[in-house]
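Subject: Handing over a structure

Dear colleague,

I am passing this structure on to you, and I would be glad if you could look through it with the notes below at hand. Please open the sequence and the model first, and then read on.

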Amino acid sequence: MKSWSSRPNSRGNSVAQLCAFFGMLALVAFVLMTIADVLMRWLFNSPINGVADAGPLIVAIVAAAFFPLSLAGRHHVSIGFLGSFLGTRATIWLEAFAALVTWVFFILLAWQIVRYTVELRQLGQTTWVVQIPIAPWWVVVSAFLVVCVAVQLGVVLTAFFRAKE
């Protein structure tokens, strides 16, 4: 039987893939909405109201939706020159430390985005043209960042168990 630390973080990966799938759907919706708006402008000189308002909100969701998958797959920039000088064992511990720092960063990022979302809700912020409430969109972004914290915790635990072995 495999130990806990040697199993892939399947729940974290599944949740991350689900988030990315949602992000992909949002991206496709954004592209289709933009194409429709451009065609309406070109053919009828009549843009679709709200596309310019919803666009930045959708982009924020799309960006946040792909963070968990990136974290789960460890698809981030790393600098390995220090580890090559210190050896394999030190490299494993440096990777564990980097995973911990990344986790702390995402905790702070999620905390600030949640605070921002609460502030948007309290102020009743809306978009300029069609008055779309902004807070619900940022609730989705906040949720993705909270998922990032959970996914990265799995990465941290796996990295430290690997370093201990």
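What follows is an account of the helices, the cores, a surface patch and some loop residues.

Please keep in mind that this is a predicted model, in which local features need pLDDT of at least 70 and side-chain atom pairs count only at pLDDT 80 or more, while totals for chains, interfaces and linings use all residues. Residues are numbered from 1 along each chain as its sequence is written, and side-chain values use heavy atoms, with hydrogens and water left out.

Let me begin with the helices, which are DSSP runs of H or I with at least four residues, numbered from the N terminus. Helix 4 (88–123) has 36 residues and reaches 52 Å from its first C-alpha to its last, close to the expected 52 Å, where the expected span is 1.5 Å times one less than the number of residues. Helix 2 (51–72) has 22 residues and spans 32 Å between its first and last C-alpha, close to the 32 Å expected.

Within helix 4, the buried residues (under 20% relative accessible area, as opposed to exposed at over 50% and partly exposed in between, with a 1.4 Å probe and protein chains only) are Ile92, Ala96, Ala99, Phe106, Ala110, Ile113, Thr117 and Leu120. These buried residues of helix 4 pack against helix 2 and helix 5.

The largest nonpolar core, meaning a set of buried Ala, Val, Leu, Ile, Met, Phe, Trp, Tyr and Cys residues joined through side-chain atoms within 4.5 Å, has 23 residues, of which Phe106, Trp138, Val141, Phe144 and Leu145 touch the most other members. Helix 1, helix 2, helix 4 and helix 5 (135–164) each supply at least two residues of this core, and the largest share, nine residues, comes from helix 5. Leaving aside neighbours within four places in sequence, Val141 is in contact (heavy atoms within 4.5 Å) with Ala60, Ile61, Ala64 and Ile113. A second, separate core has seven residues, among them Ile92, Ala99, Ala159 and Ala163.

On the surface, Met24, Leu27, Val28, Val31, Leu32, Ile35, Leu39, Trp42, Leu43, Phe44, Phe66 and Leu69 make a nonpolar patch of about 1,200 Å². Patch members must have over 30% relative accessible area and no salt bridge, with nonpolar side chains (Val, Leu, Ile, Met, Phe, Trp, Tyr) joined within 5 Å and like charges within 9 Å; a salt bridge is a side-chain nitrogen of Lys or Arg within 4 Å of a carboxyl oxygen of Asp or Glu. The elements giving two or more residues to the patch are helix 1 (10–44) and helix 2, and helix 1 gives the most, with 10 residues. Met24, which lies in helix 1, is partly exposed, with a relative accessible area of 46%.

Finally, some residues outside the helices deserve a look. Arg74, in the loop between helix 2 and helix 3 (81–86), has a positive phi of about 55° although it is not a glycine, and at 42% relative accessibility it counts as partly exposed. Gln131, in the loop between helix 4 and helix 5, also is not a glycine and has a positive phi near 60°, with a relative accessible area of 45%. Gly124, which follows helix 4, has a positive phi near 65°. Trp128, found in the loop between helix 4 and helix 5, is exposed, with a relative accessible area of 80%, and its C-alpha is separated by 46 Å from that of Ala159, 31 residues apart along the chain.

With kind regards

Conventions:
Areas by Shrake-Rupley, 256 points an atom, 1.4 Å probe, with all protein chains shown as cover.
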